[in-house]
Amino acid sequence: MPNSFEGRLPEPFELFAVRYAHHGGRKMSDNFIGGDIHESASPLDYFVWVARRSDKTFVIDTGFGPEAAKERGRDLLRLPAGALKLAGIDSTQVEHVILTHLHYDHAGSLDAFPRARFHIQDAESAYATGRCMCHSYLRHPYDVENVVSFVRHLYAGRVTFHDSVSELDPGLSLHRVGGHSAGLQVVRVWTQRGWVVVASDAAHLYANMQRGLPFPVVYNAAEMIEGFELIGRLGESPEHIVPGHDPLVMKFYPRLSPELEAIAVRLDVPPNVSRG
Ligand SMILES: [Zn+2]
Ligand SMILES: [Zn+2]
């Protein structure tokens, strides 16, 4: 994909994943549609992500809090804002938050970011507040309180809409993938190892992409499968794609600092896939 800055490279972003929750009680059939699905364990981790360089910090997604954890039986290891603080990011000072989509595990606790502008796709906002939410299967991954909070921030003038592809800053762009939700977007980030894609729920697990098998929470299966190819084109190699919920991310990438073992890892250095 061509860059908008040919010949004049911008400062690369530091990029990291911050883990705040876990769900151990899952089987393969909970995470894949089709294929040779057996009933072995297939846990998920929950992350927020940070792209940072000298002039700007972007937080990608805001996670969920204790109510959602209790309601849905997830292990909340720490509040997302608390996890960010451990990684050196003060959520009260963050100016840009990218919401990949509005599902409960990606768009809670917006109030923890009182100075932020929230970036979202037109299609996601319309989907989460429109006719598809008449159907319990489609609204189940949303938490109405998150959606209401999002609308309040919209009415406070703090939301920026994007349609399909947007360059937010040289070296950081948003790309609508759809599939999992109508307006799911991924984030393409320029780092010292090249273009890395924060795939969020465009690929929950490495195996969803590698095997071409959709995750069972799906708005449009064709777009989801096409999305695996799209994110493949946006990253420099398969090792430049970071899935949204795979516990292998914490194994493949080095921790941000010794104190952040199992909490935060660097995505701007190559993964050590032999550790899987
Ligand atoms: Zn989702
Ligand atoms: Zn998710």
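## Exercises on two zinc sites and a sheet

The site of the zinc ion (ligand 2) is irregular, with angles of 86 to 152° among its four donor atoms. The model behind these exercises is predicted.

**Exercise 1.** Find which residues are the protein donors of the zinc ion (ligand 2), and work out why the site is classed as irregular.

*Solution.*
1. The protein donors are Asp105 (OD), His106 (NE2), Asp201 (OD) and His245 (NE2), at 2.1 to 2.3 Å from the ion.
2. Along the chain these donors follow the spacing D-H-x94-D-x43-H.
3. Four donors count as tetrahedral if all angles lie between 85 and 135 degrees, but here the angles run from 86 to 152°.
4. Four count as square planar if opposite donors are over 155 degrees apart; with angles of 86 to 152°, the site is irregular.

**Exercise 2.** Locate Asp201 and His245 in the chain, and state whether they are buried or exposed.

*Solution.*
1. Asp201 lies in the loop between S11 and helix H7 (206–211).
2. His245 lies in the loop between S12 and helix H9 (248–252).
3. The pair therefore ties together parts that are 44 residues apart in sequence.
4. Both Asp201 and His245 are buried.

**Exercise 3.** Describe the site of the zinc ion (ligand 1) and find which residue coordinates both zinc ions.

*Solution.*
1. His101 (NE2), His103 (ND1), His180 (NE2) and Asp201 (OD) are the protein donors of ligand 1, lying 2.1 to 2.2 Å from the zinc ion.
2. Their spacing in sequence is H-x1-H-x76-H-x20-D.
3. Of these donors, His101 and His103 are both buried.
4. The four donor atoms subtend angles of 88 to 177°, so the arrangement is irregular.
5. Asp201 coordinates both ions, and the two zinc ions are 3.5 Å apart.

**Exercise 4.** Give the strand order of the open sheet of five strands, and explain which strands stand at the edges.

*Solution.*
1. The order is S8-S9-S10-S11-S12, and the pairing is mixed.
2. Strand S8 (165–169) and strand S12 (241–243) each have a single partner strand, so one side of each is left without a neighbour in the sheet.
3. From one strand to the next, the twist averages 25°.

**Exercise 5.** Examine how strand S10 is joined to strand S11, and which helix lies across them.

*Solution.*
1. S10 (residues 185–191) and S11 (residues 194–200) run antiparallel and are joined by five bridges.
2. Val187 stands opposite Val198 in S11.
3. Helix H8 (residues 221–234) lies across S9 (172–176), S10, S11 and S12.
4. Helix H8 runs at about 160° to S11.

Key
Residues numbered from 1 in each chain as written. Chains lettered and ligands numbered in written order. Predicted model: local features only at pLDDT ≥ 70, side-chain atom pairs only at ≥ 80, totals over all residues. Heavy atoms only, no water. Pairing = 2+ DSSP bridges. Helix = DSSP H or I, 4+ residues; strand = E, 2+ residues; numbered from the N terminus. Axes fitted to C-alpha atoms, helices over the stretch in contact; angles between N-to-C directions. Contact = heavy atoms within 4.5 Å. Donors = N, O, S within 2.8 Å, 3.2 Å for Na, K, Ca; no water. Tetrahedral: all angles 85-135°; square planar, octahedral: opposite > 155°, others 65-115°. Buried < 20%, exposed > 50% of the residue type's maximum accessible area, 1.4 Å probe, protein only.
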